[in-house]
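Subject: Handing over the model

Hello,

Here is the structure I promised to pass on. Please open it alongside this email.

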Amino acid sequence: MSADDTAARTVAIIMDGNGRWAGDRGLPVLEGHRAGSKVLKQTVKDAVKLGIEELCVYAFSTENWTRPRSEVSGLMDLFAELIESETPELDKQGVRMAFIGRRGEVSERLRDRMGWAEQKTADNNRLRLFVAFNYGGRAELLDAAARYQGGGEEEFARLLYAPQMRDPDLVIRTSGEQRLSNFLLWQSAYSELYFSDRLWPDFEIEELRRALDEFAARRRRYGGR
Ligand code: IPE
Ligand code: IPE
Ligand code: MG
């Protein structure tokens, strides 16, 4: 097997730990999210550098609406600002953006920006960036099941939010928690999992490299011998 066969091309990240990072510093929780958004920007660049072709990041879950209203509205504002300010730069870097999740439940302002970012970057192919926003694996499966008319796994997978997204080779979760929290339930069936103790705002290229190195040393079996 060549080295290339062992490289993770599709990586998904559960960006967790913003709240604890802020708490450790006596800062408001939104400062943690702000710090996390900076790390996301850098991680996209790092992913390109490390040869990742597809990156899927978990930004807001269908369960995160249960947080205090001020945190939720702060996150929505931050997210809208981020799309607006970062899309031109991501476009220049050759990043193609797509959002996955229940879009009908987010504000019109945010929905418009998501559509704008997707359109603006549609011709890029250096890195495909999927942002899971108001995303839940169960919601995705329910939405697909409602439209499913038989045919098997391939037909079903075509009904997922981003049928063009490949199943992640590697799912990374930061902050020491070891669970999926409703992320990519269908797609992660045979993904390798990597749990990092770093809080998301402290994540950096060295840790991403460690995760990729560990992935390269693993043997995937897919139920076979
Ligand atoms: C992850 O950080 C970001 C979102 C869920 C939006 P958290 O806000 O969950 O951080 P912790 O888990 O409270 O530290
Ligand atoms: C998962 O983190 C969701 C995102 C990172 C967007 P949570 O912090 O919401 O997950 P739990 O509550 O610890 O399982
Ligand atoms: Mg959390």
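Below is what turned up around the pocket and the ligands.

First, a caution: this is a predicted model.

**The pocket**

Start with the largest pocket. Its space comes to about 540 Å³. The lining has 26 residues. Nearest the centre of the pocket are Met15, Tyr58, Ala59, Phe60 and Asn64.

Four elements each supply at least two lining residues: helix H1 (18–24), helix H2 (29–49), strand S2 (54–61) and helix H3 (69–92). By class, the lining has 12 nonpolar, nine polar and five charged residues.

Ligand 1 sits in this pocket. Ligand 2 sits in the largest pocket as well.

**Ligand 1**

Look here next. The residues around ligand 1 are Met15, Asp16, Gly17, Asn18, Gly19, Arg20, His33, Ala59, Asn64, Arg67 and Leu75. H1 contributes the most to this shell, with three residues. Its make-up is three nonpolar, five polar and three charged residues.

Which parts of the protein reach the oxygen atoms of ligand 1? Asp16 does so with its side chain: a polar atom there lies 2.9 Å from an oxygen atom of the ligand. Asn18 uses its backbone, with a polar atom 3.1 Å from an oxygen atom of ligand 1. Arg20 also offers a backbone N or O atom, at 2.7 Å from an oxygen atom of ligand 1. On its own, ligand 1 exposes 380 Å², and the protein buries 82% of that.

**Ligand 2**

Now the other one. Around ligand 2 you will find Ile14, Met15, Asp16, Tyr58, Ala59, Phe60, Asn64, Arg67, Arg173, Arg179 and Ser181. Here S2 gives the largest share of the shell, three residues. The classes are five nonpolar, two polar and four charged.

Three side chains are worth clicking on. In Ser181, a side-chain N or O atom is 2.6 Å from an oxygen atom of ligand 2. In Asn64, a polar side-chain atom lies 2.9 Å from an oxygen atom of ligand 2. In Asp16, a polar side-chain atom lies 3.2 Å from an oxygen atom of ligand 2. Alone, ligand 2 has 390 Å² of accessible area, and the protein covers 77% of it.

**Where to look first**

Begin with Asp16. Its side chain has a polar atom 2.9 Å from an oxygen atom of ligand 1, and one 3.2 Å from an oxygen atom of ligand 2. Then turn to Asn64. This residue is listed around ligand 1 and around ligand 2.

Best wishes

Technical notes: Residues are numbered from 1 along each chain as its sequence is written. Chains are lettered from A and ligands numbered from 1 in the order in which they are written. This is a predicted model: local features need pLDDT of at least 70, side-chain atom pairs count only at pLDDT 80 or more; totals for chains, interfaces and linings use all residues. Side-chain values use heavy atoms; hydrogens and water are left out. On a 1 Å grid over the protein atoms alone, a cavity is a set of points where a 1.4 Å probe fits but cannot get out, and a pocket is an open set with protein on both sides within 12 Å along at least five of seven lines; lining residues have an atom within 4 Å of a point. Grid points are joined across faces, edges and corners, and a volume is the space filled by probe spheres set on the points. Ala, Val, Leu, Ile, Met, Phe, Trp, Tyr, Cys and Pro count as nonpolar, Asp, Glu, Lys and Arg as charged, and the others, Gly among them, as polar. A residue is near a molecule or strand if one of its heavy atoms lies within 4 Å of it. A polar contact is a pair of N or O atoms within 3.5 Å; within protein, one must be able to donate a hydrogen and the other to accept it, and residues adjacent in sequence count only if both atoms are side-chain atoms. Accessible areas come from the Shrake-Rupley method with a 1.4 Å probe; for residues, only the protein chains shown count as cover. A molecule sits in a cavity or pocket if more than half of its atoms lie within 2 Å of its grid points.
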